[in-house]
Amino acid sequence: MHPSEVLFQGTRKPVSIPACDHYAGSEKLMHKSIALQQELGPVFDITLDCEDGASAGNEKAHAEMVAALVNSDANQFNRIGARVHDLTHPHFEKDVSIICKGAARRLAYLAVPKAESVDEVARAIDIINRHAKKAGREDLPVHVLIESHGALADVFSIAALPQVECLSFGIMDFVSAHYGAVPGNAMRSPGQFTHPLVVRAKLEISAACHAYGKVPSHNVTTDIKEPATVANDAARAAAEFAYTRMWSIHPDQIKPILKALSPRSSEVSEAASILTEAQAAQWGPIQHNGRLHDRASYRYYWTILQRAKANGMPIPESAGSLL
């Protein structure tokens, strides 16, 4: 049996996707992002933005461009998704229809913004499924932005929806929804990691994701001139809030995010050694360097290998069969 079958019997295997989600809104930036992905490989996702990226009155043409890019030869790894308008927007279903009709089979996911409740997310998924099915795609992954009081209140129910694979924190909309009661400096560091209401939101999103094997994606760092800032934000998001993915809004943010959210090389080597021994023992308990390990710790180390692979890290040859 494959390790994923042995270690996750009776439970949903956790989602494994790249640690960086790079947003691109204009055609020029989309092409640049895709070229960078071709250079670095599928170690980061690209989200082509139909919400903030499309100018008013140009929504249809923008969605058609997105569909064409996703379905083009330039999409070498099928790790390009798209953010559509929110459910209440007149162009939501038009976005979904155009993108699914033109590129459903090669689309990595659709991102749904500004949801107010689990019922809204469920309705959005129903519409997505209707159009995706027409184009021959079943169970298209959906990413949901948590940026309102209502979505945060329903965050565990949203994470439980089978088709949802990632929840992203929309910090700027969330802070703005408090109408000045939360100061603007809570949208950036260090305030974003210390203000109690923002901290609570980040923890709720992360906890909901991990409860259902989904991926929590941390909010943007708006400082695009200092790579050290995004690196520090990503490191804190991972170490203090258990986020395993983060938005990028500038190409210079991609590598610092990947480095901060990747496991250490020593941990990858340890995981490979432990799991190789465990496989030889038919996944029974083992001793490794004087410590007992069983399936509980095997699940942890198998996830380490999955994250390393998704982020493009070197994997020891001994662990090849495990993945």
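**Why these labels fit: a cavity, a helix face and a proline**

About 30 Å³ of space lies in the largest cavity of this predicted model.

User: What makes this space a cavity?
Analyst: A cavity is a set of points where a 1.4 Å probe fits but cannot get out. The search of the whole structure turned up one cavity of 30 Å³ or more.

User: Which residues line the largest cavity, and what makes some of them charged?
Analyst: The lining is Asp 86, Leu 87, Val 112, Pro 113, Lys 114, Ala 115, Glu 120, Val 121 and Ala 124. Asp, Glu and Lys count as charged, while Ala, Val, Leu and Pro count as nonpolar, so the split is six nonpolar, no polar and three charged. Helix α5 gives the largest share, three residues.

User: How do you know that the buried residues of α4 line one face?
Analyst: Those residues are Phe 92, Asp 95, Val 96, Ile 99, Cys 100 and Ala 103. Seen down the axis of α4, they fall within an arc of 110°, so one face it is. In general, an α-helix has 3.6 residues a turn, so residues three or four places apart point the same way. In α4, the buried set packs against α3, β3, β4 and α5.

User: Why is Pro 227 called partly exposed?
Analyst: Its relative accessible area is 39%. Buried means under 20% and exposed over 50%, so Pro 227 lands in between, partly exposed.

User: What does Pro 227 touch beyond its sequence neighbours?
Analyst: Pro 227, which sits in helix α10, touches Asp 252 and Pro 256. Pro 227 and Asp 252 are 25 residues apart in sequence, yet their C-alpha atoms are 6.7 Å apart in space.

Definitions and conventions:
Residues numbered from 1 in each chain as written. Predicted model: local features only at pLDDT ≥ 70, side-chain atom pairs only at ≥ 80, totals over all residues. Heavy atoms only, no water. Helix = DSSP H or I, 4+ residues; strand = E, 2+ residues; numbered from the N terminus. Buried < 20%, exposed > 50% of the residue type's maximum accessible area, 1.4 Å probe, protein only. Contact = heavy atoms within 4.5 Å. Arc of directions from axis to C-beta. 1 Å grid on protein atoms, 1.4 Å probe; cavity = no way out; pocket = protein on both sides within 12 Å on 5 of 7 lines; lining within 4 Å. Points joined across faces, edges and corners; volume = space filled by probe spheres on them.
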